[in-house]
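I opened this model to look up a few things and keep notes as I went. The entries below follow the order in which I checked them.

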Amino acid sequence: MLTFANAKINLGLFLTEKRADGYHNLQTVFYPIKINDVVELVDAEETSMLIKGIDIPGDATDNICFKAFKTLQQDFNLPHQQIVLLKNIPVGAGLGGGSSDAAFLVKLTNQKFKLGLTDEQMEAYVRPLGADCAFFIKNKPTFAFAKGDEFEEVAIDLSAYYLVLVKPPVHVSTAEAYSKVNVKLPSNSLKDLIHLPLQDWQAHIFNDFEPSVFAKYPQIDEIKTQLYQAGAKFALMSGSGSSVFAIFEKEVQLTELEKDNLVFYDI
Ligand SMILES: C[C@@](CO)(OP(=O)(O)O)[C@H](O)COP(=O)(O)OP(=O)(O)OC[C@H]1O[C@@H](n2ccc(N)nc2=O)[C@H](O)[C@@H]1O
Ligand SMILES: Nc1ncnc2c1ncn2[C@@H]1O[C@H](COP(=O)(O)OP(=O)(O)O)[C@@H](O)[C@H]1O
């Protein structure tokens with residue numbers, strides 16, 4: 001049995017406070033996009049993990065998919081399975097690929113073994129694996145706050161637009177990105193600002209990782225500039241980088257950007 005695990009982008013990301021536990025409080029809107037990994041559960045003699053496609057740093061048993069399955073296997077005494085992951089979502093790109101794989105694997109396990117887990121129970125399983133992991137259970141546009149793990153559904157629909165994602169050959173470490181940011185409490189919540197008309201987003205909706213990440217990797221800033229020059233109504237780095245998404249009113253071809261970057265169209 002298999003499933004498609006999609007990526008997300010962050011429509012804005014405000015870093016609001018540094019917490020006593022070292023983490024940061026934030027405000028963001030997670031938005032699902034059409035770039036997918038494939039996750040499969042195959043009956044097997046031993047429990048194992050096979051990864052195909054894009055290389056993921058670390059051992060297969062470090063994969064958060066594997067960790068998610070092992071927890072469920074223990075709790076529900078599940079039979080051995082081979083987890084096959086076909087990796088297509090760029091890694092370390094601010095697209096939440098690992099978190100999505102783990103969340104979709106939990107949903108797939110629930111379905112295959114008829115565990116009867118509710119969305120809320122599955123969210124509780126995956127929440128410790130990564131702040132954005134629980135978002136992928138319901139997988140609907142979501143305003144996230146606190147550590148990025150508390151959610152409220154938000155009615156945002158960009159399906160009338162043409163979305164593009166550009167991924168430069170740069171890996172940004174999330175931990176390093178957080179260590180260099182400045183925090184500030186916003187005067188208006190992203191939860192309200194996200195309902196502004198699209199033409200006002202550029203003036204009000206930011207990603208607070210951009211200043212420090214752009215200072216280290218000016219080529220990401222350059223991609224954003226080129227996307228606006230190509231007619232984007234809004235462009236922003238996703239998460240802690242390195243990918244940048246853009247919202248266009250009509251279909252585009254970004255031939256120049258394709259030379260040095262991966263470009264995903266109609267995401
Ligand atoms: C930046 C965001 C925005 O959506 O996404 P990505 O760019 O990774 O997709 C998330 O906050 C990524 O959260 P999460 O996926 O939990 O980050 P992890 O890699 O687990 O955390 C790495 C490190 O980042 C710091 N960290 C993480 C989350 C947070 N709210 N505050 C933090 O300060 C901590 O030092 C943590 O040890
Ligand atoms: N299934 C997985 N897919 C991608 N990365 C994974 C996975 N499992 C564990 N990881 C680890 O998580 C790190 C961040 O991966 P990813 O989720 O792609 O990044 P981001 O947080 O930028 O969206 C990787 O460098 C990798 O070491």
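**Entry 1: lysine 8 and aspartate 132**

I listed the contacts of lysine 8, leaving out residues up to four places away in sequence, and got Phe30, Tyr31, Pro32, Ile33, Leu95, Gly96, Asp132 and Phe135. I note here that the model is a predicted one. Lysine 8 sits in strand β1. I wanted to know whether lysine 8 is buried or exposed. I count lysine 8 as buried, because it has 27 C-beta neighbours inside 10 Å and the cut-off for buried is 20 or more.

I looked at the record next. An unreviewed UniProt entry carries the annotation "active site" for Lys8 and Asp132. The two are spread over 125 residues of sequence, yet they cluster in space, with a largest C-alpha distance of 9.3 Å.

I then turned to aspartate 132, which I found in the loop between α3 (119-126) and α4 (135-138). Aspartate 132 counts as buried because it has 27 C-beta neighbours inside 10 Å. With neighbours within four places in sequence left aside, I list Lys8, Phe30, Gly96, Ser99 and Gly148 as the contacts of aspartate 132.

**Entry 2: domains**

I took the domain assignment of the protein chain, which gives domain 1 as 2-153 and domain 2 as 162-265. The centres of domain 1 and domain 2, taken over C-alpha atoms, are 23 Å apart. I find 23 residues of domain 1 in contact with 29 residues of domain 2.

Which elements supply the side of domain 1 that touches domain 2? I get at least two residues each from β1 (2-18) and β2 (24-43). β1 gives the most to this side, with 10 residues. By class, I sort the residues of this side of domain 1 into 12 nonpolar, nine polar and two charged.

I also noted a second UniProt annotation, again from an unreviewed entry: "domain: GHMP kinase C-terminal" covers residues 203-253. I find the end C-alpha atoms of residues 203-253 to be 26 Å apart. The span is 41% helix and 18% strand.

**Entry 3: ligand 1**

I pulled the 19 residues around ligand 1, and the ones that come nearest are His24, Gly94, Ala131, Gly239 and Ser240. β1, β2 and α5 (174-179) each give at least two residues to the shell around ligand 1. I sort the residues of this shell into six nonpolar, 11 polar and two charged.

Where does ligand 1 lie with respect to domain 1 and domain 2? Ligand 1 lies between them, because both domain 1 (2-153) and domain 2 (162-265) give residues to the shell around ligand 1.

**Entry 4: ligand 2**

I did the lookup for ligand 2 as well. There are 19 residues around ligand 2, of which Ile64, Val91, Gly97, Gly98 and Asp101 come nearest. At least two residues of the shell around ligand 2 come from each of α1 (64-76) and α2 (97-112). α2 gives the most to this shell, with four residues. I sort the shell around ligand 2 into eight nonpolar residues, 10 polar and one charged.

**Entry 5: nonpolar core**

I looked up the largest nonpolar core, which has 67 residues. Which of its members touch the most other members? I get Cys65, Ala68, Ala102, Leu105, Val126 and Val244. β2 gives the most to this core, with eight residues. I checked the core against the domain assignment: at least three of its residues come from each of domain 1 (2-153) and domain 2 (162-265).

I followed one of these members, alanine 68. Not counting residues up to four places away in sequence, alanine 68 touches Ala102, Leu105, Val106, Tyr125, Val126 and Leu129.

**Entry 6: phenylalanine 145**

I ended with phenylalanine 145, which I found in strand β5 (residues 142-145). I count phenylalanine 145 as partly exposed, because it has 18 other C-beta atoms within 10 Å. Not counting residues up to four places away in sequence, phenylalanine 145 touches Leu26, Gln27 and Glu150. I also looked up its C-alpha distance to phenylalanine 14: the two residues are 131 residues apart along the chain, and their C-alpha atoms are separated by 9.4 Å.

Key: Residues are numbered from 1 along each chain as its sequence is written. Chains are lettered from A and ligands numbered from 1 in the order in which they are written. This is a predicted model: local features need pLDDT of at least 70, side-chain atom pairs count only at pLDDT 80 or more; totals for chains, interfaces and linings use all residues. UniProt positions are given in the numbering used here, feature names are shortened, and annotations may be inferred rather than shown by experiment. Domain bounds come from an automatic or database domain assignment. Two residues are in contact if their C-beta atoms, placed from the backbone, lie within 7 Å. Ala, Val, Leu, Ile, Met, Phe, Trp, Tyr, Cys and Pro count as nonpolar, Asp, Glu, Lys and Arg as charged, and the others, Gly among them, as polar. A residue is near a molecule or strand if its C-beta atom, placed from the backbone, lies within 6 Å of it. A nonpolar core is a set of buried Ala, Val, Leu, Ile, Met, Phe, Trp, Tyr and Cys residues joined through C-beta atoms within 7 Å. A residue is buried if 20 or more other C-beta atoms lie within 10 Å of its own, exposed if 12 or fewer, and partly exposed in between; C-beta atoms are placed from the backbone.
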